[in-house]
Amino acid sequence: MLASGGILLVLKSAGAINATTTYILACIPVGLMVAFFIEVRRRQDGPARASSASVRYLKGIFATSMAYMLGLGIAIWTWNNVEVTTGVTWLLAMLPIIPILAMVFVMGRYIVEEDDEYLRQRFMQASLIGLGFVLSIGSFYGFLETFDLVPHVPGWWAVPIWAVGMGVGQGWLNWRDRTLDDGDEA
Amino acid sequence: MKNRLKVLRAERDWSQQDLADRLGVSRQSVNAIEKGRYDPSLPLAFTIAETFDLAIEDIFQKDEA
């Protein structure tokens, strides 16, 4: 996911692909990300237990991710192919923004609704790891950009970077749990 | 914090999943508490104590420095 995002960024910056192609290609890592989240949660809860909060979270993330891809696709296609007024441009920009806000709400709702305190703590830890990714990469790249060493990158990359960081965090926490887990012994 | 969850479970012939079901938490939670990787909140510690019909201090002990 990280590699494909990086490759897309380089290709787009170099002008090798246009915005529409970038969007189509970006759907692949986003789809992978959704599948990755589902697998992580499935392994975490196992077949014996999936809390209602987890199920609502997965459904919410899936729905908002699909809405994001659809909204972004419509906005980019319209922007490239139709002459629009400033007012309509504002509306177009809102198409991907609203699902992202909804995604943040879904994550916040999961923290409130999850009644298993250990799973809630794990989610918070993974979220903080994601935040660490955003702050580190954002600061690092931002200063390089300030000194004209690298091309400009739009601010919306914060969410994908956060999601990747959170995925890495979940993966690490799962690995740690599996390593120390002695199974469902009697 | 040390705990006797594994011993108490074994005495009752409960699996981690059995205990998790009684506590209303995931098996991962029971495993993490047993391994000392996660210290439960006071409400969960009380629930664990009630499940085993013991006092909290009979299950959880502070680590000696």
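Partly exposed here means a relative accessible area between the 20% that bounds buried and the 50% that bounds exposed. All the views below come from a predicted model.

**View 1. A salt bridge between helices H3 and H4 of chain A.** Glu113(A), at 30% relative accessibility, therefore counts as partly exposed. Its partner is Arg56(A), with the closest N and O atoms 3.0 Å apart. The two sit 57 residues apart, Arg56(A) in H3 (residues 52-81) and Glu113(A) in H4. Arg56(A) is partly exposed too, because its relative accessibility is 39%. Across all chains, the structure has 6 salt bridges.

**View 2. Salt bridges around Asp177(A).** Arg122(A) pairs up with Asp177(A), the closest N and O atoms being 2.4 Å apart. Arg122(A) belongs to helix H5 (residues 117-146) and Asp177(A) to helix H6, so this pair ties together parts 55 residues apart in sequence. Asp177(A) also meets Arg176(A) in a salt bridge, at 3.9 Å from N to O. Asp177(A) and Arg176(A) are both buried, and Arg122(A) is buried as well. Through shared partners, Arg122(A), Arg176(A), Asp177(A) and Arg37(B) end up in one network.

**View 3. Helix H6 of chain A, residues 158-180.** With 23 residues at 1.5 Å each, H6 should span 33 Å, and its end C-alpha atoms are indeed 33 Å apart. Its buried residues include Trp162(A), Met166(A), Leu173(A) and Asn174(A).

**View 4. The largest nonpolar core.** This core has 34 residues, and Tyr57(A), Ile48(B), Phe52(B) and Ile59(B) have the most contacts inside it. Beyond its neighbours within four places in sequence, Ile59(B) touches residues including Leu5(B), Leu8(B), Ile48(B) and Phe52(B).

Conventions: Residues numbered from 1 in each chain as written. Chains lettered and ligands numbered in written order. Predicted model: local features only at pLDDT ≥ 70, side-chain atom pairs only at ≥ 80, totals over all residues. Heavy atoms only, no water. Helix = DSSP H or I, 4+ residues; strand = E, 2+ residues; numbered from the N terminus. Expected span 1.5 Å × (residues − 1). Buried < 20%, exposed > 50% of the residue type's maximum accessible area, 1.4 Å probe, protein only. Core = buried A, V, L, I, M, F, W, Y, C linked by side-chain atoms within 4.5 Å. Contact = heavy atoms within 4.5 Å. Salt bridge = Lys/Arg side-chain N within 4 Å of Asp/Glu carboxyl O.
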